[in-house]
Structures are given as C-alpha cells and as structure tokens.
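Welcome! Here are a few short exercises to help you find your way around a protein chain. Take a look at what is shown below, then try each task before reading its solution.

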Amino acid sequence: MKRKNVWVASLIAPLMIAMLLLLAGSPSVRANDHSSAAIAAVKIDNFVFGPQTLTVPVGTTVTWTNSDDIPHTSVSTEGVFKSKVLDTDEKFSYTFTKAGTYPYYCTIHPKMTGKVVVQ
Ligand SMILES: [Cu+2]
C-alpha cells in the first residue's frame, strides 16, 4: 500500500507543478493584452485602405493586410514606416509608440492614401 502511494505521489507532483505554472502564467498574459498589446487592422482591398483613417491608442500594433489581387505597399509619408511590396494576403505590421497623425500611401499607386491617428 505504502509503495503504491509513493508511486501516485511521484506522478501527481509534476502535474501539480505544471498546473501551478499554468495558473501563475495566465494572469501576466492577460495583463499584456490589456496594457501594451493593443492591435488594429487595415485591410487593403480594391485600391483602398480601410478604414482610411484609423484612430488607435499609443502602443497599438497596426497590421495592414493586402486583400486585393494586385500588389500594394503601405509607406509612411514622413518615413516613419515602410512595408515591402505586399502580394495578395501578405501582411505588414508597425507598432505606434508616439502620439501623432501618420499619413501613408501606396508607393505603387500614390493616389491610395490613408492615415493612422495615434492618441
Ligand atoms: Cu497600391
């Protein structure tokens, strides 16, 4: 009997440790989601950045996704960020760490413009 209990304990102890680690880990993951890990998306489709003006809090990572069937870019007018040429379904992300207005355009089709307002 005693020997069996030891065997069970040796099996349970690592499980308990794993569960404690999981429990300890989850609050920090949640805290990150609420503090600095804000995300926002711009969809490129039919030669349009949507939404054309995106307003986000400081610290937000904005991801542009090219949903069009031709290549586009997302390039800051003031040189703050610059994507490579995005083929269909390719993405580009930039994290805005300072408040301000960030106009951008597509270098292949300069009439395509948008802006990100960070506040
Ligand atoms: Cu374009």
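The exercises below go from the whole chain to a sheet, a metal site and a single residue, and they use a predicted model.

**Exercise 1. The whole chain**

Find out how many helices and strands the chain has, and in which order they come.

*Solution.* Start by counting: the chain has one helix and eight strands. Next, walk from the N terminus, where the order reads α-β-β-β-β-β-β-β-β. Then turn to burial: of the 119 residues in the chain, 26% are buried. Finally, consider the contacts with a separation of 6 or more: 47% of them link residues 24 or more positions apart.

**Exercise 2. A sheet and its edges**

Work out which strands stand at the edges of the four-stranded open sheet, and why one side of each lacks a neighbour.

*Solution.* First, write down the strand order, S3-S8-S7-S5, with mixed pairing. Now read off the two ends: S3 (53–56) and S5 each have a single partner strand, so one side of each is left without a neighbour in the sheet. As a reminder, strands of a sheet pair through backbone hydrogen bonds, either parallel or antiparallel. For S3 and S8 (residues 113–118), the direction is parallel, and four bridges join them. You can locate this pairing by finding Val56, which stands opposite Val118 in S8.

**Exercise 3. The copper ion**

Identify the protein donors of the copper ion and their spacing in sequence.

*Solution.* Begin with the donor atoms: ND1 of His72, SG of Cys106 and ND1 of His109 lie 1.9 to 2.1 Å from the copper ion. Then place these donor residues along the sequence, where the spacing is H-x33-C-x2-H. As a last step, check Cys106: its relative accessible area is 0%, under the 20% cut-off, so Cys106 is buried.

**Exercise 4. One residue in a loop**

Decide whether Thr73 is buried or exposed, and find what surrounds it.

*Solution.* Locate Thr73 first: it sits in the loop between strand S4 (61–66) and strand S5 (75–76). Its relative accessibility is 2%, so Thr73 counts as buried. Next, list its contacts, leaving out residues up to four places away in sequence: Thr73 touches Phe49, Ser83, Lys84, Val85, Tyr105, Cys106, Thr107 and Ile108. One of these, Cys106, is also a donor of the copper ion. To finish, look at Thr107, whose backbone nitrogen lies 2.7 Å from a polar atom of the Thr73 side chain.

How values were computed
Residues are numbered from 1 along each chain as its sequence is written. This is a predicted model: local features need pLDDT of at least 70, side-chain atom pairs count only at pLDDT 80 or more; totals for chains, interfaces and linings use all residues. Side-chain values use heavy atoms; hydrogens and water are left out. Buried means under 20% relative accessible area, exposed over 50%, partly exposed in between (1.4 Å probe, protein chains only). A polar contact is a pair of N or O atoms within 3.5 Å; within protein, one must be able to donate a hydrogen and the other to accept it, and residues adjacent in sequence count only if both atoms are side-chain atoms. Contact means heavy atoms within 4.5 Å. Donors are N, O and S atoms within 2.8 Å of the metal (3.2 Å for Na, K and Ca); water is not among the atoms, so sites may look incomplete. Two strands pair if DSSP finds at least two bridges between them.
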